[in-house]
Amino acid sequence: MRRSSYAAALAGNTGISPANAAPTRSGAFSHLVNSSTPHTISQHRQSRSIDADGHPNSMSTSWGRGGALPSYSSQTGHWQGLGGGAQDVPPFFVPSYLRGSKHAEKLQEAHKAKLAAQREFRSTQSSNAGSLSTSSSSVNLHTHKLAGSHRGLTHEVIERAPVFVDEPASPWPTKWNENDKFAQLDIEHEGRQAKFSGSQKTHDEAASVRADCPMPRQCGIYYYEVTVVSKGKDGRMIGVGFSGPKVALTRIPGWEPDSFAYHGDDGQIFNNTTSGKNYGPKFGTLDVIGCGINFRTNTAFFTKNGHMLGTAFRDLKANMPYYPTIGVKKSGETLRANFGQEPFAFDIDKMVQDEKAAIQKEINLTKFVPSAASAPEETQFIHRLISQYLAHDGYVETAQAFAEEIVDGARALANDDDATIPYQEAVEDVDALNRQKIRAAILEGDIDKALKHTQAYYPSVLRDNENIYFKLRCRKFIEMIRDCNELTTQCQSTRKSKHPASNANKRNSTATDEYDFQMELDEQFGVNDPTPSLDYLDDDDLVDKQATLQQLTASTIAYGQELGAEFANDPRREVKQALRDTFALIAYENAKESSLAPLLEVDGRTPVAEELNSAILVSLGKCSSAAMERLVQQTEALVGELAEDGGPGAFVNVRRDFLQ
């Protein structure tokens with residue numbers, strides 16, 4: 001449970017200065033010589049560097065490559081379809097046929113950001129605070145002093161205004177839109193059921209409703225189902241389909257331009273006409289009608305009770321957002337939608353998998369064509385990519401073993417141990433060995449060791465890349481919090497093992513009490529060779545752990561004060577936010593159960609290690625990223641472009657389908 005929303009002060013001298021303060025900060029490297037020496041204030045400078053390929057590599061605001069400094073509460077923007085703040089996060093689901101897709105991954109990431117913002121909003125709203133305006137941010141802050149937390153600190157609590165999160169990808173429909181329906185159509189059951197409660201409409205009129213979001217083309221195929229709960233008295237004029245955002249909702253779907261539907265009274269399909277075409281069987285109460293669009297082929301299809309009825313419409317407009325739409329005419333007619341919250345009657349998963357299989361077959365049939373006569377053939381090209389990747393990331397022994405295996409295998413195929421193999425064998429690389437040491441230290445959580453090696457081997461790297469240095473310093477604080485949490489858990493476990501809950505084991509029987517008393521006498525006199533008690537050992541172990549925890553907590557607080565003082569006058573907003581979130585960890589008795597728990601994940605070490613490794617390579621005049629990484633990034637970008645209009649790229653997830 002969180003004790004305060006934000007522990008900024010760390011004993012009072014780590015407050016973040018306004019953005020218009022002088023851009024000064026403490027010396028960044030004096031602690032590498034003598035960690036106990038107070039930092040002196042020096043002029044803060046921002047440096048820039050360019051890698052061997054001409055890519056900028058400076059002052060990026062990323063924790064890892066391309067990511068932002070850690071912030072779980074300051075995203076800006078709006079939530080499409082909500083118009084509200086973090087307190088309005090709707091439940092999230094992934095339709096079965098979209099699981100594992102790139103589009104689903106993007107929406108899941110967005111949902112996680114919303115939940116983090118929601119937790120932060122609720123936490124800050126729970127405090128009663130006065131107001132404080134600040135020039136360092138565009139939001140209103142509120143501050144007040146709290147009593148000491150479980151670590152004995154006085155916290156300065158800063159309250160934030162409701163936050164908003166950008167929507168990085170088009171969301172899929174989740175319910176019928178209360179604001180985009182015929183007035184007398186009632187929306188029930190969490191927005192998924194529509195019931196017509198008005199009077200019977202004339203031949204030309206109807207009551208229709210659209211979903212809250214259009215069908216995302218990035219899904220490749222989108223599908224939903226509607227169950228006819230009731231067709232009402234003498235009712236059957238029901239239309240299920242999709243329409244554009246400006247189609248009138250006073251007419252049955254299919255009768256207007258940009259409106260397509262399958263009708264239950266005659267089994268016909270309609271598009272911009274009142275005269276339909278024969279398509280499928282009629283449908284009524286308890287029938288399940290499915291509607292889908294294949295954006296790759298720009299065709300639409302319908303299903304009934306789990307059976308495919310075939311292609312209904314072709315040549316759909318590529319630039320038109322289509323919304324799931326239903327319409328009824330008779331009072332009492334009720335339809336319930338399933339946008340993927342429940343299993344579908346139709347096996348849409350197989351249809352999507354078949355589409356993916358066809359695309360992957362086409363990919364596999366594509367042959368590698370060298371760009372020039374001297375270019376390597378496909379196998380050699382792949383070997384070189386892998387070898388360069390291993391060497392780039394500092395996997396020295398693995399790169400050497402890979403090279404030896406490739407050469408030995410080629411010679412074995414040639415049946416000649418002395419054959420000349422067109423493969424450059426790995427050579428001893430001192431820089432690669434040094435980078436491997438630094439990388440290993442970060443991945444083990446030993447930030448001090450990584451800083452020491454970096455300063456010894458590449459003294460200019462941290463000076464020229466202050467954002468990386470800042471992330472390393474913050475990471476050390478996070479590792480110290482991790483150690484404190486682990487020791488706290490161990491102490492709690494020891495206490496529980498010594499004093500387990502005994503309510504269920506209370507002895508109410510006099511006979512049992514006498515038996516236990518006799519057993520205690522036997523144990524005292526050594527009868528039955530009882531095992532010696534370990535209570536004293538447990539006590540000693542607990543005392544040692546508690547002492548270690550106190551020392552580590554004191555060291556963590558001292559380090560936090562040092563870190564806060566060093567970057568107190570840094571004018572960058574992302575630095576201020578990262579410090580706030582990082583320091584907030586100390587306000588939790590168990591940070592792993594807090595809203596900032598993602599900061600403590602071991603996976604957070606990897607992007608820091610990779611960014612430092614890239615900066616070292618840049619300082620050596622080499623490219624900051626491996627050729628294989630750039631190839632993957634370019635492939636993902638290309639596939640993303642192909643997915644935007646629902647093309648083949650929508651059915652491909654590069655990392656999941658080819659790299660896992």
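## A hairpin to start

Strands β14 and β15 form a hairpin, with four residues between them. In that turn, N298 has a positive phi of about 55 degrees. The model is predicted.

β14 covers residues 288-294, and six bridges join it to β15. The two strands run antiparallel. One bridge partner pair is I293 with A300 of β15.

## The next hairpin

β15 also pairs with β16 (residues 307-313). This pairing is antiparallel too, over four bridges. Here T303 stands opposite M308 of β16.

β15 and β16 make a hairpin with two residues between the strands. N305 takes a positive phi near 50 degrees in this hairpin.

## Inside β15

Is β15 buried or exposed? Six of the six residues in this strand (299-304) are buried, so the rest of the structure largely encloses β15. Buried here means under 20% relative accessible area.

In a regular strand, side chains alternate between the two faces of the sheet. In β15, T299, F301 and T303 point one way. A300, F302 and K304 point the other way. Residues on both sides are buried.

## The wider sheet

Which strands make up the sheet, and in what order? Seven strands form an open sheet, in the order β6-β7-β18-β9-β14-β15-β16, with antiparallel pairing. β6 (185-188) and β16 are the edge strands, each pairing on one side only. From one strand to the next, the twist averages 25 degrees.

## A helix across the strands

Helix α3 (residues 348-364) lies across β9 (221-230), β14, β15 and β16. The helix runs at about 165 degrees to β9.

Terms used
Residues numbered from 1 in each chain as written. Predicted model: local features only at pLDDT ≥ 70, side-chain atom pairs only at ≥ 80, totals over all residues. Heavy atoms only, no water. Buried < 20%, exposed > 50% of the residue type's maximum accessible area, 1.4 Å probe, protein only. Pairing = 2+ DSSP bridges. Axes fitted to C-alpha atoms, helices over the stretch in contact; angles between N-to-C directions. Contact = heavy atoms within 4.5 Å.
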